[in-house]
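Trainee: Hello! I would like to learn how to read a protein model step by step. Could you show me?

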Amino acid sequence: GGEMSSSEALEALSPAFYKGFLPEDNEKKAWEAWLERYHNRIKADDRDPQERIEEMRRANPKFILRNWMATLAYRSAENDNDFSLVKELHAVLADPYAEEDAIENATERWFLKTPDWAQNMPGVSFMS
């Protein structure tokens, strides 16, 4: 069928990583080995794929409050007396498992890796 190899699956997941892998990278090999074990587990479970996907969505929130998000919101509130980001984050996080955006463009704005500006910021980067 349309099964992916571990290398192809890792390539599909690459946007989730902060840095790419070098061809000889042990970390890449470890991820590929994990993906192979995961694929074998899925096959052994022999479950309906849609049922498995729904169960994963119920257990893993799409939106998680990160320090960089809170930093944007509290700085806007504190510096500009603008609480719109606080309210926006509240709306998004009120149902973090929802696949449909609670507010317009929530996925584009908040379903992100830590932005460059926050990656080395003390007190922000650690839990982002």
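Trainee: In what order do the elements of the protein chain run from the N terminus on?

Mentor: Good place to start, and keep in mind that this is a predicted model. To read the order, walk along the chain and note each helix or strand. Here the elements run α-α-α-α-α-α from the N terminus. The tally for the chain is 6 helices and 0 strands.

Trainee: Next, overall form. What is the radius of gyration of the protein chain, and what would a compact globule have?

Mentor: Set the chain beside a compact globule with its number of residues. For 128 residues that globule would have a radius of gyration near 14 Å, whereas this chain has 18 Å. You can add the extent of the C-alpha trace, which spans about 55 × 35 × 20 Å along the principal axes.

Trainee: How much of the protein chain counts as buried?

Mentor: Of the 128 residues, 23% count as buried. For the outside, look at the accessible surface: about 9,400 Å² in total, with 53% of that area belonging to carbon and sulfur atoms.

Trainee: And for a single residue, is Glu88 buried or exposed?

Mentor: Here you need a cut-off: a residue is buried when its relative accessible area is under 20%. Glu88 has 15% relative accessibility, so Glu88 counts as buried. You will find Glu88 in helix α5, residues 84-93. Leaving out residues up to four places away in sequence, Glu88 touches Ile103, Arg109 and Trp110.

Trainee: Why does Phe21 count as partly exposed?

Mentor: Partly exposed is the class between buried, under 20%, and exposed, over 50%. Phe21 comes to 22% relative accessibility, and therefore counts as partly exposed. Phe21 sits in the loop between α1 and α2. Apart from neighbours within four places in sequence, Phe21 is in contact with Leu10, Glu27, Lys28 and Trp31. Take Leu10 as an example: Phe21 and Leu10 are 11 residues apart in sequence, and their C-alpha atoms are 10.0 Å apart in space.

Trainee: Which class does Ala12 belong to, with a relative accessible area of 48%?

Mentor: Use the class limits again: Ala12 is partly exposed because its relative accessible area is 48%. Ala12 belongs to helix α1. You can also pair Ala12 with Met121, 109 residues away along the chain; their C-alpha atoms are separated by 29 Å.

Trainee: Now for pockets. How much space lies in the largest pocket?

Mentor: With a pocket, ask about its volume, then its lining. The largest pocket holds about 800 Å³ of space. Its lining has 22 residues, and those closest to the centre are Ala16, Pro61, Lys62, Ile64 and Phe111. Two elements, α1 (6-13) and α3 (49-59), give two or more residues to this lining. By class, the lining of the largest pocket divides into 15 nonpolar, 2 polar and 5 charged residues.

Trainee: What volume does the second largest pocket have, and which element gives the most to its lining?

Mentor: The volume of the second largest pocket is about 440 Å³. Among its 19 lining residues, Ala9, Leu35, Tyr38, His39 and Ile42 are the closest to the centre. The elements α1, α2 (26-45) and α3 each give two or more residues to this lining, and α2 gives the most, with 7 residues. The classes here are 12 nonpolar, 4 polar and 3 charged.

Trainee: Thank you! I will try these steps myself.

Notes:
Residues numbered from 1 in each chain as written. Predicted model: local features only at pLDDT ≥ 70, side-chain atom pairs only at ≥ 80, totals over all residues. Heavy atoms only, no water. 1 Å grid on protein atoms, 1.4 Å probe; cavity = no way out; pocket = protein on both sides within 12 Å on 5 of 7 lines; lining within 4 Å. Points joined across faces, edges and corners; volume = space filled by probe spheres on them. Helix = DSSP H or I, 4+ residues; strand = E, 2+ residues; numbered from the N terminus. Nonpolar A, V, L, I, M, F, W, Y, C, P; charged D, E, K, R; others polar. Buried < 20%, exposed > 50% of the residue type's maximum accessible area, 1.4 Å probe, protein only. Contact = heavy atoms within 4.5 Å. Rg over C-alpha atoms; globule rule 2.2 N^0.38 Å. Areas by Shrake-Rupley, 256 points an atom, 1.4 Å probe, with all protein chains shown as cover.
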